[in-house]
Structure formats: structure tokens, C-alpha cells
Amino acid sequence: MESLTSLVRQNAGSNGVRVWLLAGACLGSSSARADDINWGNTNGGTFNVGANWIGGVVPGTTSSAVFSRWRSGNPQPVYTVSFSTDPTNQAMRIGGDNVTFDLNGHAYLLTDPATAITVGTATGSSGNLMIM
């Protein structure tokens, strides 16, 4: 990896636990349209478990992970997505949901420098992302 467009690092207290959220891209790589893979479990769950995704497929390196279960007239979904691996996606988008990412010390790499992270994309609602 030659370049990182954004790096967020948080040190959690004196125990030395480090949480990483990475959004980066290789220099000179082309930005092809990613497949949207939609999260389906409004009760929360583990990122790398297929049953938590609509269609049963975990988003891969050429996919965008989409967290957008909110529908007009309904309460805003509030849930936690836990990480037990270090996934890589082109991008991640949150619509009107209130999502917490519990990275559990793992890294989440997003490779599209133009659209790596988009939060609050649902018309009529504001999405939220908290990273632990």
C-alpha cells in the first residue's frame, strides 16, 4: 500500500488497546463501481457473518458495505456491528441508521479514496456512526 488517504487512530486508556479505522487507496488504482452489500440485522451482529447481510454474503474487497435499514415513519435503528476479522471493502455507507462499530482491536480498511466513508445518506433522517 503506497498511500493512505485517511487514518483514524484511537488509543484506549493505559491498557494499550489500539483501535484502527483505515480509509486508503493504492496510488494509480482505478475506482470501479462497487457492489452494494446491505446489512440486514437491526439487532446488531458480527460483520463477517453472512447471515447478518441481506443475501447472506459478507461484502468483499470490491464491495461497499451499506448500513441503511431506516424507513420513513419508523424509529431509527440503533445497533452494534462487532468485528472479529480485519475486513477490506471499497467503501462503507450509513443511511439513516445509528450504528456503532466495535472493532475489538481490528482494522477496517476502505480502499476508495473518493467515497470511503459516507454517513447520513438517507433523505429525511440523519445517520450516525460511533467507533469503539
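**Notebook: strand pairing, core and ring pairs**

I began with M92, which stands opposite I117 in strand 11. I note here that the model is predicted. The register belongs to the pairing of strand 8 with strand 11, which run parallel and are joined by 3 bridges.

**Entry: the sheet that holds strand 8**

I then looked up the sheet around this pair. It is an open sheet of 4 strands in the order 3-5-8-11, and the pairing is parallel. Strand 3 and strand 11 (117-119) each have a single partner strand, so they are the edges and one side of each has no neighbour in the sheet. On average, neighbouring strands here are turned by 20° against each other, with direction ignored.

**Entry: the other open sheet**

I found 4 strands in another open sheet, ordered 4-6-9-12 and paired in parallel. Strand 4 (45-46) and strand 12 (128-131) stand at its edges; each has a single partner strand, so one side of each is left without a neighbour in the sheet. Strand 4 pairs with strand 6 in the parallel sense, over 2 bridges. I checked the register and found G45 opposite V81 in strand 6.

**Entry: strands 7 and 10**

I looked at strand 7 (residues 88-89) as well: strand 7 and strand 10 pair in the parallel sense over 2 bridges. N89 stands opposite L110 in strand 10. Which way do the side chains of strand 10 point? From strand 10 (residues 107-110), A107 and L109 point one way, while Y108 and L110 point the other way. I recorded all of these as buried.

**Entry: salt bridge**

I counted 1 salt bridge. R93 and D36 form this kind of contact, with their closest N and O atoms 3.0 Å apart. The partners come from distant parts of the chain: R93 lies in strand 8 (residues 91-94) and D36 in strand 3 (residues 35-38), 57 residues apart. Are the two ends buried or exposed? R93 has a relative accessible area of 26%, so I class R93 as partly exposed. D36 has 29% relative accessibility and therefore also counts as partly exposed.

**Entry: nonpolar core**

I listed the largest nonpolar core, which has 17 residues. F47, F67, V81, F101 and Y108 have the most contacts inside this core. Two or more residues come from each of strand 5 (63-67), strand 6 (78-82), strand 8, strand 9 (98-102) and strand 10. Nonpolar side chains tend to be buried together in soluble globular proteins.

I followed one of these residues further. Setting aside neighbours within four places in sequence, F67 is in contact with W39, F47, W53, Y79, V81, M92, R93, I94, G95, D97, V99 and F101. That list includes M92, my starting point, and R93 of the salt bridge.

**Entry: aromatic pairs**

How many aromatic pairs does the structure hold? I get 11. I took F83 and F101 as one case: the ring centres are 5.2 Å apart and the planes stand at 70°, so I call the pair edge-to-face. F83 is in the loop between strand 6 and strand 7, whereas F101 is in strand 9; the pair links distant parts of the chain, 18 residues apart. Both F83 and F101 are buried.

Ring pairs also link W39, F47, W53, F67, Y79, F83, F101 and Y108 into a cluster. I note that F47, F67, F101 and Y108 are also among the residues with the most contacts inside the core.

Methods:
Residues are numbered from 1 along each chain as its sequence is written. This is a predicted model: local features need pLDDT of at least 70, side-chain atom pairs count only at pLDDT 80 or more; totals for chains, interfaces and linings use all residues. Side-chain values use heavy atoms; hydrogens and water are left out. A salt bridge is a side-chain nitrogen of Lys or Arg within 4 Å of a carboxyl oxygen of Asp or Glu. Buried means under 20% relative accessible area, exposed over 50%, partly exposed in between (1.4 Å probe, protein chains only). Two strands pair if DSSP finds at least two bridges between them. Axes are lines fitted to C-alpha atoms, for helices over the stretch in contact, and angles run from 0 to 180 degrees between N-to-C directions. A nonpolar core is a set of buried Ala, Val, Leu, Ile, Met, Phe, Trp, Tyr and Cys residues joined through side-chain atoms within 4.5 Å. Contact means heavy atoms within 4.5 Å. Rings of Phe, Tyr and Trp (its six-membered ring) pair if their centres lie within 6.5 Å; planes under 30 degrees apart count as stacked, over 60 as edge-to-face and the rest as tilted.
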